[in-house]
Structures are given as structure tokens and as C-alpha cells.
Amino acid sequence: MGKALLKSQKGVALFAAVMMLILCSGLGLLAFHVSTTEMLISNYGGAELSTAYLAESGVEAVIGWLSDPASSPDRPKFESLAASGCSRNRDETDFSAKDDLLNDVESGPFSELKEMGKIVDLRLYKSSKTGGFCTVESRAKNGSGAVKIVV
């Protein structure tokens with residue numbers, strides 16, 4: 001009877017070894033998948049953050065142009081805005097940056113930020129807050145497709 005028991009257990013060690021190999025391989029693949037997903041999330045988060053900084057730089061540029069109209073791309077317009085404030089709504093803006101200003105990556109006002117992406121829209125219009133001066137809206141986009149709007 002003891003001999004029959006030994007004969008029926010042939011291959012059990014091989015089966016256990018194959019099952020352990022499958023289990024370890026599965027855990028390794030799971031770890032690889034999780035780490036690559038985390039890396040993609042981290043890269044997108046960094047791209048979104050740099051796009052937010054780029055959009056904020058557009059807002060800062062317009063605020064600088066309001067405080068120093070001589071440095072702006074449209075001096076007479078910014079001198080009148082600095083004196084009287086904004087009067088138009090979001091659809092009919094007081095100032096909207098032209099494509100040639102935004103697309104000039106060699107010598108335009110945002111040329112030093114070209115590695116981060118580009119500002120695709122820049123507007124200045126009446127503030128929605130009572131007694132507010134102006135609202136500045138800046139939309140930026142980077143090469144990986146992240147878009148950020150700062151108002």
C-alpha cells in the first residue's frame with residue numbers, strides 16, 4: 001500500500017514548481033504594469049503643472065503691460081485701459097492677443113517659454129466682480145496635449 005501512495009504522487013513537485021513560477025511571473029507583470037502606469041501619471045502631472053505655469057505667465061505679462069504700457073504690444077490700447085479699466089464682456093474683449101503675437105516663438109513676449117508649450121489665447125475684459133478692474137484670461141497648451149486656462 002505504501003508503494004502505491006508513492007507512485008500516485010509522481011509529478012506533484014513539478015506541478016508545485018510550475019504553479020510557483022506562474023504566480024511569481026504574474027506578480028512581476030503586475031508590478032511592471034503598476035509602475036509604468038504610475039510613471040505615465042507622473043509625466044502627465046508634470047506636463048499639466050508646466051502648462052499651468054505657462055498660462056500664469058500669460059496673466060503676469062498682461063498685468064505687466066497694464067502697469068507699463070510702453071512694454072506692451074499695443075501701447076495706446078494699454079494706456080487707455082490703464083486709465084479707464086475694461087468695459088467689454090468676455091465675448092467682445094477689450095484686448096485679445098493676435099495670432100502673430102502668440103505664434104512668434106523666436107522674438108515674441110513668450111519666446112523664452114517655448115520649451116514648455118505655447119499660449120494659444122490671451123484676453124482682457126471687464127471684471128465680473130463689482131468694483132473690479134479687469135479680468136485676464138490665458139489659455140496655454142503644451143506638446144503632450146495638456147491645456148490649462150487661468151483667469
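Visitor: What do β3 and β4 form, and how many residues are between them?
Guide: β3 and β4 form a hairpin with five residues between them, and Gly145, which sits in the turn, has a positive phi of about 100°. The strands are DSSP runs (E, at least two residues), as are the helices (H or I, at least four), and both are numbered from the N terminus. Before we go on, please keep in mind that this is a predicted model, in which local features need pLDDT of at least 70 and side-chain atom pairs count only at pLDDT 80 or more, while totals for chains, interfaces and linings use all residues. Residues are numbered from 1 along each chain as its sequence is written, and side-chain values use heavy atoms, with hydrogens and water left out.

Visitor: In what sense do β3 and β4 pair?
Guide: Strand β3 (residues 135–141) pairs with strand β4 (residues 147–150) in the antiparallel sense, over four bridges. Two strands count as paired if DSSP finds at least two bridges between them. In this hairpin, Ala140 stands opposite Lys148 in β4, and Ser138 has Val150 as its bridge partner.

Visitor: Okay, and what is the order of the strands in the sheet?
Guide: The order is β1-β2-β3-β4, in an open sheet of four strands with antiparallel pairing. Each of β1 and β4 stands at an edge with a single partner strand, so one side of each has no neighbour in the sheet.

Visitor: How many bridges join β1 to β2, and how many join β2 to β3?
Guide: Two bridges join β1 to β2, and there Ser96 stands opposite Arg123 in β2. Seven bridges join β2 to β3, where Tyr125 stands opposite Thr135 in β3.

Visitor: Back to Ser138 for a moment: is Ser138 buried or exposed?
Guide: Ser138, whose place is in strand β3, has a relative accessible area of 0% and is therefore buried. Here buried means under 20% relative accessible area, exposed means over 50%, and partly exposed is in between, using a 1.4 Å probe and protein chains only.

Visitor: Which residues does Ser138 touch?
Guide: Leaving out residues up to four places away in sequence, Ser138 touches Ala55, Gly58, Val59, Ile119, Asp121, Leu122, Lys148, Ile149 and Val150. A contact means heavy atoms within 4.5 Å. With Ala55 there is also a polar detail, since a polar atom of the Ser138 side chain lies 2.9 Å from the backbone oxygen of Ala55.

Visitor: New topic: how many aromatic pairs does a search of the whole structure find?
Guide: The search finds four aromatic pairs. One of them is Trp65 with Phe78, whose ring centres are 5.7 Å apart and whose planes meet at 75°, so this pair is edge-to-face. Rings of Phe, Tyr and Trp (its six-membered ring) pair if their centres lie within 6.5 Å, and planes under 30 degrees apart count as stacked, over 60 as edge-to-face and the rest as tilted. Because Trp65 lies in helix α2 (residues 12–67) and Phe78 in helix α3 (residues 75–84), the pair ties together parts that are 13 residues apart in sequence.

Visitor: What about the rings of Trp65 and Phe110, how far apart are their centres?
Guide: Their centres are 6.4 Å apart and their planes are at 50°, so that pair is tilted. Phe110 lies in the loop between α4 (99–102) and β2 (118–125), so with Trp65 in α2 the pair ties together parts that are 45 residues apart in sequence. Trp65 is buried at 6%, Phe78 at 0% and Phe110 at 11%, and together with Phe95 these three form one aromatic cluster.

Visitor: Which residues touch the most other members of the largest nonpolar core?
Guide: Trp65, Phe110, Leu122 and Leu124 do, out of 23 residues in that core. Such a core is a set of buried Ala, Val, Leu, Ile, Met, Phe, Trp, Tyr and Cys residues joined through side-chain atoms within 4.5 Å. Helix α2 gives the most to this core, with seven residues.

Visitor: Last one: which residues does a disulfide join?
Guide: A disulfide, here a pair of cysteine sulfur atoms within 2.5 Å, joins Cys86 to Cys134, with the sulfurs 2.0 Å apart, and the structure holds one disulfide. The torsion about its S-S bond is about 100°, so the disulfide is right-handed. Both Cys86 and Cys134 are buried, whereas Cys24, at 47% relative accessibility, counts as partly exposed.

Terms used:
A polar contact is a pair of N or O atoms within 3.5 Å; within protein, one must be able to donate a hydrogen and the other to accept it, and residues adjacent in sequence count only if both atoms are side-chain atoms.
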